[in-house]
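Colleague: Could you walk me through this fold before I head back to the bench?

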Amino acid sequence: MGVINSEVLDTLNAAPIDIESCFSNHYIVPDYQRDYVWKEKEVGQLIADLREAYQNNKKPYFMGMMVVYKGDNGELEIIDGQQRITTFFMILRAIEKRASAAGYKPEDYANYANLLRSVVTDDDTGLSKKVL
């Protein structure tokens, strides 16, 4: 196992962020990362977790850990958490599609609350297929 030098340790930061802040950044998935492999089972479990958190009024909801490296060029490379963050992105895109179908315009998307509720409270067992 390698040793992390003190210079690297001095640059490590950990901070909780909300999903809006998370998606306000641009991330790079390095070539060495594995392909996206989550299937209906994993996506369905994540949606079920979101649904349960919403129904039990759990605030804040822990989305999981994401490890990011900021390269010399300023780009944020995802080191760990790629599967989950990619799935959250796909869920948000599904919400955006649902919003568009409901007649929302992009400028209306600032209010995702009702749309998100419709996704996390939807009992449609095929929802994870719709996300994928």
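Modeller: Happy to; bear in mind that this is a predicted model, and here are some questions about its sheet, cores and surface.

Colleague: Let's start with the sheet: what is the order of its three strands?

Modeller: The sheet is open and its pairing is mixed. Strand 1 (27–28) and strand 2 are the edge strands, each pairing on one side only. The order is therefore 1-3-2.

Colleague: Which residue in strand 3 stands opposite Val68?

Modeller: Strand 2 and strand 3 (residues 76–80) run antiparallel and are joined by four bridges. Across this pairing, the residue opposite Val68 is Ile78.

Colleague: Which element gives the largest share of the largest nonpolar core?

Modeller: That core has nine residues, among them Trp38, Leu46, Met63 and Phe88. Two elements, helix 3 and helix 4 (82–101), each give two or more residues to it. The largest share, four residues, comes from helix 3.

Colleague: How many residues does the second core have?

Modeller: This core is separate from the largest one, and its members include Cys22, Tyr27, Leu76 and Ile78. Ile78 is also the residue that stands opposite Val68. The count for this second core is five residues.

Colleague: Now the surface: is Phe62 buried or exposed?

Modeller: Phe62 lies in the loop between helix 3 (40–55) and strand 2 (67–70). Together with Tyr32, Met65, Val67, Tyr69 and Ile79, Phe62 makes a nonpolar surface patch of about 680 Å². Exposed means over 50% relative accessible area; because Phe62 has 62% relative accessibility, this residue counts as exposed.

Conventions: Residues numbered from 1 in each chain as written. Predicted model: local features only at pLDDT ≥ 70, side-chain atom pairs only at ≥ 80, totals over all residues. Heavy atoms only, no water. Patch = residues over 30% accessible without salt bridge, like charges linked within 9 Å, V, L, I, M, F, W, Y side chains within 5 Å. Areas by Shrake-Rupley, 256 points an atom, 1.4 Å probe, with all protein chains shown as cover. Salt bridge = Lys/Arg side-chain N within 4 Å of Asp/Glu carboxyl O. Buried < 20%, exposed > 50% of the residue type's maximum accessible area, 1.4 Å probe, protein only. Pairing = 2+ DSSP bridges. Core = buried A, V, L, I, M, F, W, Y, C linked by side-chain atoms within 4.5 Å.
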